[in-house]
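Please open the model in a viewer and keep the sequence panel at hand. The tour below proceeds by selection, with a description at each stop.

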Amino acid sequence: MKWGQSKKAGTVVRSKQQLDHHQQEQEAEAEAAIITTCSSKTSWHKAATLRIQSTMLPFLLLVSMMVIPVPSFAEAPFMGINYGQVGDDLPSGADAVTLIRNLGAGQVKIYNTDPGTLNALANSGLDVVIGMDNTEIPSLGASAAAADEWIVVNVLAYVPATSITVILVGNELFSSNFDIWPQLIPAIQNLQTSLTNHGLTSITLSTACELSILSNSYPPSAGVFNESAISVFMPLLQHLEDTNSYLYINAYPYFAWVSDPSGIPLDYAIFSAPAAMLSDGQYSYTSLLEAQIDAVYYAMEAIGFTDVRLAISESGWPTAGGVGADLTNAEAYNNNLVKYILSGVGTPKMPQVFVPTYIFALFNEDLKPGPATERNWGLLYPNGSAAYTINLADPYTSSSSSSGSSPTFQSPSSDSTTGSYISSTPDLLRCGYTAIVLTFSSVSFLGILFNLIWII
């Protein structure tokens, strides 16, 4: 057996030597052709130079054609904003779009398919998530024709000018609406069929769930779905996995904190904890939102789904109307949230996994029912002025705000096992990497161009 291996190896060596000799002959012929071509027009020095350049040309071509994974605009991490319109003093859609862009948001989520809003978002550069009322779901689930008409009227009429990327079929359906649950999956399937038939395969479908879909979320590793909802979540998660979509979660550390302010430290709720405040097996947590996200990951894992990613469809902090609802806490939470999400650090269980996130909300909405806090979540007042300083594109440059306080950003943790520190490093690396790639590509292109001109 050993002899056979050695003999085979010797054959390979001899074949390689023959190939090398053949290659040398071809190179000599090519060199002679180059020198002959140049002799009537150039000196021997120029011919030698041309040989060097022609030798480098394949290398330059190879470099220029290398597939370098530079994130596209759509793939890069951007913050989103929820644009609710339950108010009688809100600015026009066009003005709202200008304000959204001024905030630095890359995506906007709306709760309906209002024509004026969708038209205002046309050619805005914003990716758009659209929603629907829960009461629309039964008819879409019962009739493929109704679902197709919904897509034609509410999607096909606006794309591609309006960049609709996601359709959320219902919002917080699982806190009640028990009679609608069985129609969710048929509605998603009918809508998916319509999207496919119209060639709109880049648009994904999901639903926005409240965190109360978990019957337990503490500690995160014990996260499980409500047993009554599992019959719906199994096919839902299967669809999301098959279509590479996200499970959208409305996650509010504020509500968890306000329900137990003596047991949950405020710093832990607003991303300002100086060190890990929760240990759960091999993972440590410095912020409540991280723990909430991981609880959902664990719940999905418990029923056999490990490849479905999460998005935060709503998160924020109120500025008035309740315990701890003030400008200082809201400013700290939302600025720290932006910094955490844009860092791309992920969670302890899912490190370096970007979580698309939409802050709630753009405006205070004076007609929303319920407690006073419901009407005071806006980053902006209805007149367009800022409640406090926040930059959804570059949180590292935020300065003192109109509320008289500065955002409190968490410093990088010295505990390397948590996987939860917040750092601007990913942004610096992303910018530096892109600059290198662009420079390298430019040099390669210029090198090729120079060679072509020189040869001619």
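**First stop: two helices**

Select α6 and helix α7 (residues 181-197): they pack at an angle of about 55°, with their axes 8 Å apart. That angle makes α6 oblique to α7. The model in view is a predicted one. Viewed along the line between the two, α6 passes α7 in a right-handed crossing.

Now display the side chains at this contact. From α6, show Ala144, Ala147, Asp148, Trp150 and Ile151; they meet Asn190, Leu191, Ser194 and Leu195 of α7. Classified by type, the residues of the contact of α6 with α7 comprise six nonpolar, two polar and one charged.

**Second stop: the other partner of α7**

Keep α7 selected and add helix α8 (residues 230-243). The axes of α7 and α8 are 9 Å apart, and the packing angle is about 20°. An angle under 35 degrees counts as roughly parallel, and α7 and α8 are therefore roughly parallel to each other. Here α7 passes α8 in a left-handed crossing.

On the α7 side, the contact is made by Trp181, Leu184, Ile185, Ile188 and Gln192; on the α8 side, by Val232, Pro235, Leu236, His239 and Thr243. The contact of α7 with α8 has seven nonpolar, three polar and no charged residues.

**Third stop: the barrel**

Hide the helices and select the strands β1, β2, β3, β4, β5, β8, β11 and β12. In that order, the eight strands form a closed barrel with parallel pairing. From one strand to the next, the twist averages 25°.

Where does β1 pair with β12? Strand β1 (residues 80-82) joins strand β12 (residues 357-359) in the parallel sense, over two bridges. Centre the view on Ile81, which stands opposite Ile359 in β12.

Bring back α6 (residues 144-156), which packs on the sheet and touches β3 (127-130) and β4 (163-171). The direction of α6 makes about 130° with that of β4. Next restore helix α11 (residues 288-302): this helix lies across β8 (246-250) and β11 (309-315), running at about 135° to β11.

**Fourth stop: α11 and α12**

With α11 still shown, add helix α12 (residues 327-343). The axes of these two helices come within 11 Å and cross at roughly 55°; α11 and α12 are therefore oblique to each other. Leu289, Glu290 and Ile293 in α11 meet Tyr333, Leu337 and Tyr340 in α12. By class, the contact of α11 with α12 has five nonpolar residues, no polar ones and one charged.

**Fifth stop: aromatic rings**

Select the rings of Phe, Tyr and Trp; the count comes to 19 aromatic pairs. For one of these, zoom to Tyr83 and Phe363, whose ring centres are 6.1 Å apart and whose planes stand at 70°, so the pair is edge-to-face. Tyr83 lies in the loop between β1 and α3 (93-103) and Phe363 in the loop between β12 and α13 (425-455), so the pair ties together parts that are 280 residues apart in sequence.

**Last stop: backbone details**

Most residues other than glycine have a negative phi, and most peptide bonds are trans. Select Val159 and Pro160, which are joined by a cis peptide bond with omega of about 5°; Pro160 is found in the loop between α6 and β4. The bond from Tyr218 to Pro219 is also cis, with omega near -10°, and Pro219 sits in the loop between β6 (214-216) and β7 (224-225). Finish at Asn177, which is not a glycine yet has a positive phi of about 50°; Asn177 belongs to the loop between β4 and α7.

Technical notes. Residues numbered from 1 in each chain as written. Predicted model: local features only at pLDDT ≥ 70, side-chain atom pairs only at ≥ 80, totals over all residues. Heavy atoms only, no water. Pairing = 2+ DSSP bridges. Helix = DSSP H or I, 4+ residues; strand = E, 2+ residues; numbered from the N terminus. Axes fitted to C-alpha atoms, helices over the stretch in contact; angles between N-to-C directions. Contact = heavy atoms within 4.5 Å. Parallel < 35°, antiparallel > 145°, perpendicular 65-115°, else oblique. Left-handed = near helix turned anticlockwise from the far one by under 90°. Nonpolar A, V, L, I, M, F, W, Y, C, P; charged D, E, K, R; others polar. Phe/Tyr/Trp six-rings, centres within 6.5 Å; stacked < 30°, edge-to-face > 60°.
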